[in-house]
Amino acid sequence: MLNVIKEFRKNALEVRLVGTIEEDTDLAQLIGDFPGELHVNSKEVSRLSSHGVRHWIRYFRGLQERGVHVKHVACSSTIMQQVSFISNFIEDLSSIESVCVPYLCQRCRGQFVSVVKVKQLIKLKAQVPPMSCPKCGVGTARFDDIELEYFSFLNKLQTR
Ligand SMILES: [Zn+2]
């Protein structure tokens, strides 16, 4: 089940996708028509089924063919997994503006995400620094995934 929270801006529609993208998810219907650009926040997309992946690719390819400018913000870990495994999941990688970076606290084992801009990731050479844990307030939290895999899209971005 996917909820789409929409906000119309001057030249763009901003949508926040919340939930799962599955066989019966109709992105075109849920997002609807809009003038100008589309900004997609997928921070709260927790799962995509294999059908969902196909729906996603078809929907965004359709937008690209119509020349719609799309910007992806706060791509969730689920979305980033697809980006690293499926080469055309987000066809134009430069449309990714920011991603959710998963953290794990070394002390309380609390998990949280931090949204980091792609520009910043390039500057950091994909080495995201440790953060103090917002959950226990005392622990140090570190990136909780495989950097080479999670940030592999950066290499594709720079070599193009
Ligand atoms: Zn903690």
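This short talk walks through one predicted model, from its sheet to its core and two of its helices.

Hi everyone, thanks for listening. Please keep in mind as we go that this structure is predicted.

Let's begin with an open sheet. Four strands make it up, in the order β6-β5-β8-β7, and the pairing is antiparallel. Which strands stand at the edges? They are β6 and β7, the latter being residues 131-132. Each of these two has a single partner strand, so one of its sides has no neighbour in the sheet.

Now look at β5 and β6. Strand β5 covers residues 98-105 and β6 covers residues 111-117, and 7 bridges join the two antiparallel strands. If you'd like one pair to find on screen, take Y103, whose bridge partner in β6 is F112. The two strands form a hairpin, with 5 residues between them. In that turn, R109 has a positive phi of about 65°.

At the other end of the order, β7 pairs with β8, which is residues 140-143. Here 2 bridges join the strands, again running antiparallel. You can spot M131 opposite A141 in β8.

Between β7 and β8 there is a loop, and K135 lies in it. Is K135 buried, exposed or partly exposed? It is partly exposed, because 15 other C-beta atoms lie within 10 Å, and a residue needs 20 or more to be buried and 12 or fewer to be exposed. What does K135 touch beyond its neighbours within four places in sequence? Its contacts there are C105, C108, G110 and F112. You may remember F112 as the partner of Y103. Also, the C-alpha atoms of K135 and Q111 are separated by 8.4 Å, although the two residues are 24 apart along the chain.

Next, the inside. The largest nonpolar core has 30 residues, and those touching the most other members are C75, M80, I96 and V99. Several elements each supply at least two residues of this core, including β2, β3 and α2. Which element gives the most? That is β5, with 5 residues. As for C75, leaving aside its neighbours within four places in sequence, its contacts are S42, M80, I96, V99 and C100.

M80 brings us to α3, where it is buried along with I79 and V83. Looking down the axis of α3, the buried residues fall within an arc of 95°, so they line one face of the helix.

Our second helix, α2, lets us do a quick check. It has 16 residues, and at 1.5 Å a residue these should span 22 Å; the end C-alpha atoms are 23 Å apart, which agrees. Which residues of α2 are buried? They are G52, H55, W56 and F60. These cover an arc of only 115° around the axis, so they sit on the same side of α2. Their packing partners are β2, α1, β3 and β4. Turn to the other side of α2 and you'll find exposed residues: S50, R58, R61, G62 and E65.

Last stop: G67, in the loop between α2 and β4. Just after α2, this glycine takes a positive phi of about 75°. G67 counts as exposed because it has 6 C-beta neighbours inside 10 Å. Its C-alpha atom is separated by 25 Å from that of N3, a residue 64 places away along the chain.

That's my tour. Thank you, and I'm happy to take questions!

Notes: Residues are numbered from 1 along each chain as its sequence is written. This is a predicted model: local features need pLDDT of at least 70, side-chain atom pairs count only at pLDDT 80 or more; totals for chains, interfaces and linings use all residues. Two strands pair if DSSP finds at least two bridges between them. Two residues are in contact if their C-beta atoms, placed from the backbone, lie within 7 Å. A nonpolar core is a set of buried Ala, Val, Leu, Ile, Met, Phe, Trp, Tyr and Cys residues joined through C-beta atoms within 7 Å. The arc is that of the directions from the helix axis to the C-beta atoms. The expected span of a helix is 1.5 Å times one less than its number of residues.
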